[in-house]
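User: I would like a close look at a single part of this model. Please start from one residue and work outward in plain steps.

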Amino acid sequence: MKILVINGPNLNMLGIREPEIYGSFTLEDIEKELISYAAELDSNISLEFFRSNFEGEIIDKIQSALNCFDGIIINPAAYTHTSVAISDAVAAVGIKTVEVHLSNIYSREEFRHNSYIAPKCLGQVAGFSKTGYKMALLGLYEALK
Ligand code: CA2
């Protein structure tokens with residue numbers, strides 16, 4: 001089972017800035033934990049990680065997943081609230097996708113309450129910090145196996 005994990009803009013700043021909102025761990029910490037968790041769940045799970053600040057690169061990566069990946073975990077970061085194009089890409093490839101947010105976007109500013117991408121996803125996990133990525137993987141795994 002091949003799972004693509006996509007992280008959007010500014011998430012490379014984790015562990016460097018704003019620890020009071022996003023925690024003091026790095027994106028690499030999240031990726032390492034997810035690799036360990038995947039191995040615990042099922043040795044047949046393989047993960048590939050991709051991170052970009054650019055909307056078009058994220059769309060290219062989603063399109064390239066067609067016929068290559070069984071599932072996608074995506075934290076689109078700020079593009080969550082703006083990107084019809086990423087939403088269209090997720091719908092176009094038809095790959096089961098789970099949206100993740102470290103923070104609870106519904107308890108933050110009003111503009112963060114809408115996701116253009118979540119309606120095209122199997123589900124959304126928000127507010128559980130880095131554990132959310134593991135929750136997303138478990139949900140995808142159960143849906144795909
Ligand atoms: O809670 C999440 O995971 C978000 O996707 C994070 C985005 C935000 O725009 C979404 O509304 C919710 C922001 C990512 C920025 O990450 C930073 C990490 C450390 C320091 C500064 C930014």
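In which strand is the place of Asn75?

Analyst: Asn75 sits in strand E3, residues 71-75. Helices (H or I, at least four residues) and strands (E, at least two) are DSSP runs, numbered from the N terminus. This is a predicted model, where local features need pLDDT of at least 70 and side-chain atom pairs count only at pLDDT 80 or more, while totals for chains, interfaces and linings use all residues. Residues are numbered from 1 along each chain as its sequence is written, and side-chain values use heavy atoms, with hydrogens and water left out.

Is Asn75 buried or exposed? Asn75 counts as buried, because its relative accessibility is 3%. The cut-offs are these: buried is under 20% relative accessible area, exposed is over 50%, and partly exposed is in between (1.4 Å probe, protein chains only).

Now look at its partners. The side chain of Asn75 makes a polar contact of 3.2 Å with the side chain of Tyr133. A polar contact is a pair of N or O atoms within 3.5 Å; within protein, one must be able to donate a hydrogen and the other to accept it, and residues adjacent in sequence count only if both atoms are side-chain atoms. Setting aside neighbours within four places in sequence, Asn75 is in contact (heavy atoms within 4.5 Å) with Ile6, Asn7, Gly8, Leu11, Val100, His101, Leu102 and Tyr133.

Two of those names lead on to the core. Leu102 and Tyr133 are among the residues that touch the most other members of the largest nonpolar core, which has 22 residues. The others are Ile3, Leu14, Ile30, Ile73 and Leu137. A nonpolar core is a set of buried Ala, Val, Leu, Ile, Met, Phe, Trp, Tyr and Cys residues joined through side-chain atoms within 4.5 Å. In soluble globular proteins, nonpolar side chains tend to be buried together.

Which elements supply at least two residues each? They are strand E1 (2-7), helix H2 (27-41), strand E4 (96-101) and helix H5 (131-144).

Take Leu102 next. Beyond its neighbours within four places in sequence, Leu102 is in contact with Leu11, Leu14, Tyr22, Phe25, Ile30, Asn75, Gly127, Phe128, Ser129, Lys130 and Tyr133. So Asn75 appears again here, and so does Tyr133, while Asn75 itself counts as buried.

Then take Leu137, which lies in helix H5. Leu137 is buried, because its relative accessible area is 0%. Leaving out neighbours within four places in sequence, it is in contact with Ile3, Leu34, Tyr37, Ala38, Leu41, Ile45, Leu47 and Ile73. The C-alpha atoms of Leu137 and Lys96 are separated by 11 Å, and these two residues are 41 residues apart along the chain.

Back to the chain just after E3. Ala77 is in the loop between E3 and H4. Ala77 has a positive phi of about 50°, although it is not a glycine. At 15% relative accessibility, Ala77 counts as buried. Before E3, Asn67 is in the loop between H3 and E3. Its phi is near 65°, a positive value in a residue other than glycine. Asn67 counts as exposed, at 78% relative accessibility.

Those loops point to H3 and H4. The axes of helix H3 (residues 55-64) and helix H4 (residues 84-93) come within 9 Å and cross at roughly 5°. That makes H3 roughly parallel to H4. Axes are lines fitted to C-alpha atoms, for helices over the stretch in contact, and angles run from 0 to 180 degrees between N-to-C directions. Angles under 35 degrees count as roughly parallel, over 145 as roughly antiparallel, 65 to 115 as roughly perpendicular and the rest as oblique.

Which residues meet there? Glu55, Ile58, Ile59, Ile62 and Gln63 in H3 meet Ala85, Ile86, Ala89, Val90 and Val93 in H4. The residues of this contact divide into eight nonpolar, one polar and one charged. Here Ala, Val, Leu, Ile, Met, Phe, Trp, Tyr, Cys and Pro count as nonpolar, Asp, Glu, Lys and Arg as charged, and the others, Gly among them, as polar.
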